[in-house]
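Student: I should like to go through this structure by asking how each label assigned to it is justified.
Tutor: Please do; each answer will set a value against its criterion.

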Amino acid sequence: MEMFGENGRDGVWTVMANVMDPESLHRAFNGCVGVFHTSSLVDPGGISGYTKHMATLEAKAAEQVVEACVRTESVRKCVFTSSLLACVWRQNSPHHRRFPTTVDESCWSDETFCRENKLWFALGKTMAEKAAWRAARGRDLKLVTVCPALVTGPGFLRRNSTPSIAYLKGAHAMLAEGLLATADVERVAEAHVRVYEAMSGTAGGRYICYDHVVRRAEEFAELERQLGLRPRATAPPHGDAVPSFELCNRKLARLVSSRRRCTHDAYLPVAYD
């Protein structure tokens, strides 16, 4: 907003809306063709106090936002920010396989598993994305979801400590299984723009977004340090063991590549074996 200046200048305005109030959302969306729903509940205490109740509220808010998009005649497209956590938590993780199991956009986190293990942030993101898809089904609205890994960037973790700390609950298991990943905030924003631009054509469904998989205990400790957390007494497992899972973001990489073939590596560098 500082870049664009005063409200209305260069076509940018600030409007206020309550995600639990459909009428305020409708007023805010009126005149817009597309909506980016990137909001997440914030704990006023500034700690990782994301609770089961907050997960329920987030799912309700997602439903209200999509319903408001449907009600607003001008809105045709919605890009919904979900989370990689809505894809990775499942029962009966496969072990002792020769090759890791691929986790891609077809994968959903198991809500029962999240509840049993008190993974409330993952539960909230999973419930919210599913609520958005249910609300959009069969309606005159094109919905796409982006599922970013832990969002990072200069100073980003400390400024957004509540969701960042909540994301890391269960991080030891994610690290051991090859599922702990990060995504630079600028690349996440770029992914949202590219997906939105492609929605008039072939873009659709879900898009996993990450640019780095954390594989070493030292990297994990650095994430904790950036969040102001004390290092864990027990370091996460690491070594030469083959992880149980392998993350895949080929769908997003293909889309970005097709939109910006000449500068693909500058936006979403992806290394394949």
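Student: Why is Cys32 called partly exposed?
Tutor: In this predicted model, Cys32 has a relative accessibility of 30%. Buried requires under 20% and exposed requires over 50%, so a value of 30% places Cys32 in the partly exposed class.

Student: How do you know that Cys32 is in no disulfide?
Tutor: The search of the whole structure returns 0 disulfides. For Cys32, the nearest cysteine sulfur belongs to Cys69 and is 9.2 Å away. The criterion is a pair of sulfur atoms within 2.5 Å, and therefore Cys32 does not qualify.

Student: What makes the sulfur of Cys78 too far from that of Cys69 for a bond?
Tutor: The separation is 4.2 Å, with Cys69 holding the closest cysteine sulfur to that of Cys78. Because a disulfide calls for sulfur atoms within 2.5 Å, no bond is assigned between Cys78 and Cys69. A disulfide is, after all, a covalent bond between the sulfur atoms of two cysteines.

Student: Is Cys78 buried or exposed, and how do you know?
Tutor: Cys78 has 0% relative accessibility. The limit for buried is under 20%, so Cys78 counts as buried.

Student: Which nonpolar core includes Cys78?
Tutor: Let me begin with the largest core, which has 58 residues. Leu84, Val88, Trp89, Tyr167, Met174, Leu180 and Leu247 have the most contacts inside it. Helix α5, residues 120-136, supplies the largest share of this core, with 5 residues. Cys78 belongs to a second, separate core of 18 residues, which also includes Leu25, Ala128 and Leu141. In soluble globular proteins, nonpolar side chains tend to be buried together.

Student: Which residues does Leu180 touch, leaving aside those up to four places away in sequence?
Tutor: Leu180 touches Tyr167, Leu168, Ala171, Met174, Leu175, His212, Val213, Val214 and Phe220.

Student: What makes β5 and β8 edge strands?
Tutor: They belong to an open sheet of 3 strands in the order β5-β6-β8, with mixed pairing. β5 (150-152) and β8 (212-213) each have a single partner strand, so one side of each has no neighbour in the sheet.

Student: Why is the pairing in this sheet called mixed?
Tutor: β5 pairs with β6 (residues 181-184) in the parallel sense over 3 bridges, whereas β6 and β8 pair in the antiparallel sense over 2 bridges. Two strands pair when at least two bridges are found between them, so both pairs meet the criterion. Thr182 of β6 is the bridge partner of Leu150, and in β8 the bridge partner of Thr182 is His212. Thr152 stands opposite Asp184 in β6.

Student: What makes β1 and β7 the edges of the other open sheet?
Tutor: That sheet has 4 strands in the order β1-β2-β4-β7, with parallel pairing. β1 (34-37) and β7 (205-209) each pair on one side only. With direction ignored, neighbouring strands of this sheet are turned by 15° against each other on average.

Student: How do you know that β2 and β4 count as paired?
Tutor: Strand β2 (residues 77-81) and strand β4 (residues 142-148) run parallel and are joined by 5 bridges. Since at least two bridges suffice, they count as a pair. Lys77 stands opposite Lys142 in β4.

Student: Why is Met16 called exposed?
Tutor: Met16, in the segment before α1 (22-29), has 76% relative accessibility. Exposed means over 50%, so Met16 falls in that class. Between the C-alpha atoms of Met16 and Arg27 the distance is 9.3 Å, and the two residues are 11 apart in sequence.

Student: Why is Lys118 called partly exposed?
Tutor: Lys118 lies in the loop between α4 (111-116) and α5, and its relative accessible area is 47%. Exposed requires over 50% and buried under 20%, so Lys118 is partly exposed. Lys118 also has a positive phi of about 55°, although it is not a glycine.

Student: How many of the 273 residues, as a percentage, count as buried?
Tutor: The figure is 45%. The protein exposes about 14500 Å², of which carbon and sulfur atoms supply 51%.

Terms used. Residues are numbered from 1 along each chain as its sequence is written. This is a predicted model: local features need pLDDT of at least 70, side-chain atom pairs count only at pLDDT 80 or more; totals for chains, interfaces and linings use all residues. Side-chain values use heavy atoms; hydrogens and water are left out. Buried means under 20% relative accessible area, exposed over 50%, partly exposed in between (1.4 Å probe, protein chains only). A nonpolar core is a set of buried Ala, Val, Leu, Ile, Met, Phe, Trp, Tyr and Cys residues joined through side-chain atoms within 4.5 Å. Contact means heavy atoms within 4.5 Å. Accessible areas come from the Shrake-Rupley method with a 1.4 Å probe; for residues, only the protein chains shown count as cover. Axes are lines fitted to C-alpha atoms, for helices over the stretch in contact, and angles run from 0 to 180 degrees between N-to-C directions.
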